[in-house]
Amino acid sequence: MVRDAVRQAMPAIMLALLAALAGCEGDGHRGKAAAPATPASSTPSLKSIEVTPSLATAAAGTTTQFTATGLYTDNTTRNLTAQVTWASSNTAVATVNNDGVATTVGAGNTTVSAATGALNGQTTLTVTDATLVSIEVSPVAPSIANGRDQQFTATGLYSDNSTQDVTTQVTWSASNPAVATVSNAAGSNGLASAVGLGNTAVSAVSGAVSGETTLNVTAATLVSIEVSPAAPSIANGLAQEFTATGVYSDNSTQDLTTQVTWASS
């Protein structure tokens, strides 16, 4: 009796098994691991270049620093000034070196461009025939610890009321070299080095025009150093500029970026 019942039920069992197998074949992903998705590239790419300052104006015989800023696909920005190729469309008006510094030659307009690969950013530089009226030296009356350096900047005011950084174009001096000396060497123009306690006048001269301020050198000692920016993130292959600020025993602060020893762990 049992055998007869099983024999009679076999066709129904076989049909059920076939239906189940057909269902598995129709849904091919069942029982199989899903193929891993191809990860998107984690490295952002450069999508545009911005050149600043935009629509710059400068007097003939001066220099203007341009900056190239890259905008990436992750919306971050990076300073690419030293990594792009610079050019001036009219070298009779101005020339541009590899660091983005334009030297003005004669009155007129020129397009200043920064390029890398197929990407290009540009702005317009207008050169005038304005003349220098006065010079402002900054920072005004700073104090630094003995043995440290202070960078001074000379800003020229011209007859058309425009201003221009003339730090590299003036002659620097200190009235009391026993307190500090000031450099006129290329790459360190206006950099004062403290050598003794006291005060000295720091002056910048161009022809008959001059400007000055007072530098105070103290006996303060270095207490701590702050590195900034804190925990930045950059794309692989790019550069990040860090700044070291010293805090002194008299609560003064000073930029020590060029005076400390840098290292990466």
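Analyst: Two strands are said to pair if DSSP finds at least two bridges between them, and that is the sense in which pairing is used here for a model that is predicted.

User: Before we look at individual strands, how many helices and strands come up in the secondary structure of the protein?

Analyst: The protein has one helix and 23 strands. Of its 265 residues, 32% are buried, and its accessible surface comes to about 15500 Å², with 54% of that belonging to carbon and sulfur atoms. Among the contacts with a separation of 6 or more, 48% are between residues 24 or more positions apart.

User: In what order do the three strands of the open sheet that includes β22 stand?

Analyst: The order is β21-β22-β23, with antiparallel pairing. Strand β21 (222–228) and strand β23 (253–255) each have a single partner strand and stand at the edges, so one side of each is left without a neighbour in the sheet. With direction ignored, neighbouring strands of this sheet are turned by 25 degrees against each other on average.

User: Over how many bridges do β21 and β22 pair, and which residue in β22 stands opposite Ser224?

Analyst: Six bridges connect β21 with β22 (residues 243–248) in the antiparallel sense, and the residue opposite Ser224 is Val247.

User: How should I read the side chains along such a strand, and is Ile225 buried, partly exposed or exposed?

Analyst: As a general idea, the side chains of a regular strand alternate between the two faces of the sheet. In this structure, Ile225 is placed in strand β21, and its relative accessibility of 45% makes it partly exposed, because that class lies between the cut-offs of 20% and 50%. Ile225 also joins Leu222, Val227 and Trp262 in a nonpolar surface patch of about 340 Å².

User: Which strands pair with β8?

Analyst: One partner is β3 (residues 63–65), which pairs with β8 (residues 101–104) in the antiparallel sense over three bridges, and within that pairing Thr64 has Ala102 as its bridge partner. Another is β7 (residues 94–96), which runs antiparallel to β8 and is joined to it by three bridges; here Ala94 is matched with Thr104. The hairpin of β7 and β8 has four residues between the strands, and Gly100 in this hairpin takes a positive phi near 80 degrees.

User: What should I expect of phi and of peptide bonds as a rule, and where are the cis bonds that lead into Pro53 and Pro229 placed?

Analyst: Most residues other than glycine have a negative phi, and most peptide bonds are trans. The bond joining Thr52 and Pro53 is cis, with omega about 0 degrees, and Pro53 lies in the loop between β1 (46–52) and β2 (56–59). The bond from Ser228 to Pro229 is likewise cis, with omega near 0 degrees, and Pro229 belongs to the loop between β21 and β22.

User: What values does phi take in Asn75 and in Ala231, and are these residues buried or exposed?

Analyst: Asn75, in the loop between β4 (67–72) and β5 (77–79), has a positive phi near 70 degrees although it is not glycine, and with 59% relative accessibility it counts as exposed. Ala231 has a positive phi near 45 degrees, again in a residue other than glycine. Ala231 is found in the loop between β21 and β22, where Pro229 is also placed, and its relative accessible area of 78% makes Ala231 exposed.

Terms used: Residues numbered from 1 in each chain as written. Heavy atoms only, no water. Helix = DSSP H or I, 4+ residues; strand = E, 2+ residues; numbered from the N terminus. Axes fitted to C-alpha atoms, helices over the stretch in contact; angles between N-to-C directions. Patch = residues over 30% accessible without salt bridge, like charges linked within 9 Å, V, L, I, M, F, W, Y side chains within 5 Å. Areas by Shrake-Rupley, 256 points an atom, 1.4 Å probe, with all protein chains shown as cover. Salt bridge = Lys/Arg side-chain N within 4 Å of Asp/Glu carboxyl O. Buried < 20%, exposed > 50% of the residue type's maximum accessible area, 1.4 Å probe, protein only. Contact = heavy atoms within 4.5 Å.
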